[in-house]
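Let's take a walk through this one, looking at how its parts are held against each other. Keep the viewer open and follow along.

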Amino acid sequence: MRRVGLCQDRLVDELSEEDFQQLYGRWQPFTPREVADLLDGAEFPWWIAGGWAAEASGAPARKHEDTDIAVLHDDLPAIRSWLSGFHLWEAHAGSLRPLLPGDELRPEREGLWVRRNAASPWVCDLLLTRSRDGQWLFKRDERVSLPLDQLGRTIDGIPYLRPSVVLLLKAKALRDKDQQDFEGMLPRLANGERVWLGEALAIAHPDHPWRARL
């Protein structure tokens with residue numbers, strides 16, 4: 001893997017994974033249970049997303065390079081307060097920038113990497129998602145939406161994004177692991193999930209190859 005790093009608002013050359021870790025640190029992602037412990041009692045909603053959510057919905061178990069947590073953009077002040085003992089970094093387009101106390105999130109930023117401090121590993125990636133009037137809005141096409149109380153489901157006491165939303169969020173990149181997750185989840189998708197995902201893809205990604213499989 002190669003990454004691009006950002007230091008004090010200046011892009012540096014493309015880095016190898018080893019060089020990136022030497023500059024920014026390594027990942028040691030929390031498990032869903034560790035996330036639940038971290039956010040136990042928080043007054044904002046959150047949902048495990050990404051590969052962990054896919055695995056909870058039937059995808060084969062695999063190594064997870066990070067742990068994605070979906071949260072609402074409007075809850076950012078409460079999130080920053082809850083995680084005041086951690087460092088938050090804006091992650092955007094392959095770059096990283098510290099979100100220091102008192103700083104405002106810059107426009108179009110949708111991800112925050114989280115770690116205790118520079119000597120500690122990254123533990124999770126907060127995915128800031130938009131909402132309006134009690135509706136979750138898909139970031140790539142706001143015509144696709146869901147009531148917030150239907151966005152996730154709870155498994156073993158841990159909130160996860162619902163399977164159809166997990167796959168919709170994975171649809172654009174269509175990396176090998178995304179296709180693997182789709183193949184593992186597809187046989188277990190309830191009919192309503194298939195219908196919703198098919199309709200969402202028709203709006204946001206009309207030429208997507210998954211549509212023919214739903």
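A salt bridge here is a side-chain nitrogen of Lys or Arg within 4 Å of a carboxyl oxygen of Asp or Glu. Bear in mind that this is a predicted model. By that criterion, the structure holds 12 salt bridges. The general idea is a familiar one: side chains of opposite charge can pair when their charged atoms come close.

Start with D181 and R62, whose closest N and O atoms sit 2.8 Å apart in a salt bridge. This pair ties together distant parts of the chain, with the two positions 119 residues apart: D181 belongs to helix α6 (residues 176–185), while R62 lies in the loop between α3 (50–56) and β4 (68–72). Are these partners buried or exposed? D181 is buried, with a relative accessible area of 0%. R62 is buried too, at 19%, and the cut-off for that label is under 20%.

Now stay on helix α6 and find E183, which makes a salt bridge to R213 with the closest N and O atoms 2.9 Å apart. Again, distant parts of the chain are linked: E183 is in α6 and R213 is in the segment after α7, 30 residues apart. The setting is another matter, though. E183 is partly exposed, with a relative accessible area of 34%, and R213 is partly exposed as well, at 38%.

Salt bridges can also chain up. Those that share partners join R62, K170, R175, D178 and D181 into one network, so the D181 pair we began with belongs to a bigger group, given how a salt bridge is defined here.

For one more pair, look at R97 and E90, whose side chains meet in a salt bridge at 3.7 Å, N to O. R97 counts as buried at 18% relative accessibility, and E90 is buried with a relative accessible area of 1%.

Finally, turn to some helix packing. Helix α5 (residues 163–170) and helix α7 (residues 191–204) have axes that come within 9 Å and cross at roughly 30 degrees. Angles under 35 degrees count as roughly parallel, and α5 and α7 are therefore roughly parallel to each other. The crossing of α5 past α7 is right-handed. What meets what in this contact? From α5 come P163, S164, V165, L167 and L168, and they meet E193, W196, L197, A200 and L201 in α7. Sorted by type, the residues of this contact are eight nonpolar, one polar and one charged.

How values were computed
Residues numbered from 1 in each chain as written. Predicted model: local features only at pLDDT ≥ 70, side-chain atom pairs only at ≥ 80, totals over all residues. Heavy atoms only, no water. Axes fitted to C-alpha atoms, helices over the stretch in contact; angles between N-to-C directions. Helix = DSSP H or I, 4+ residues; strand = E, 2+ residues; numbered from the N terminus. Parallel < 35°, antiparallel > 145°, perpendicular 65-115°, else oblique. Left-handed = near helix turned anticlockwise from the far one by under 90°. Contact = heavy atoms within 4.5 Å. Nonpolar A, V, L, I, M, F, W, Y, C, P; charged D, E, K, R; others polar. Buried < 20%, exposed > 50% of the residue type's maximum accessible area, 1.4 Å probe, protein only.
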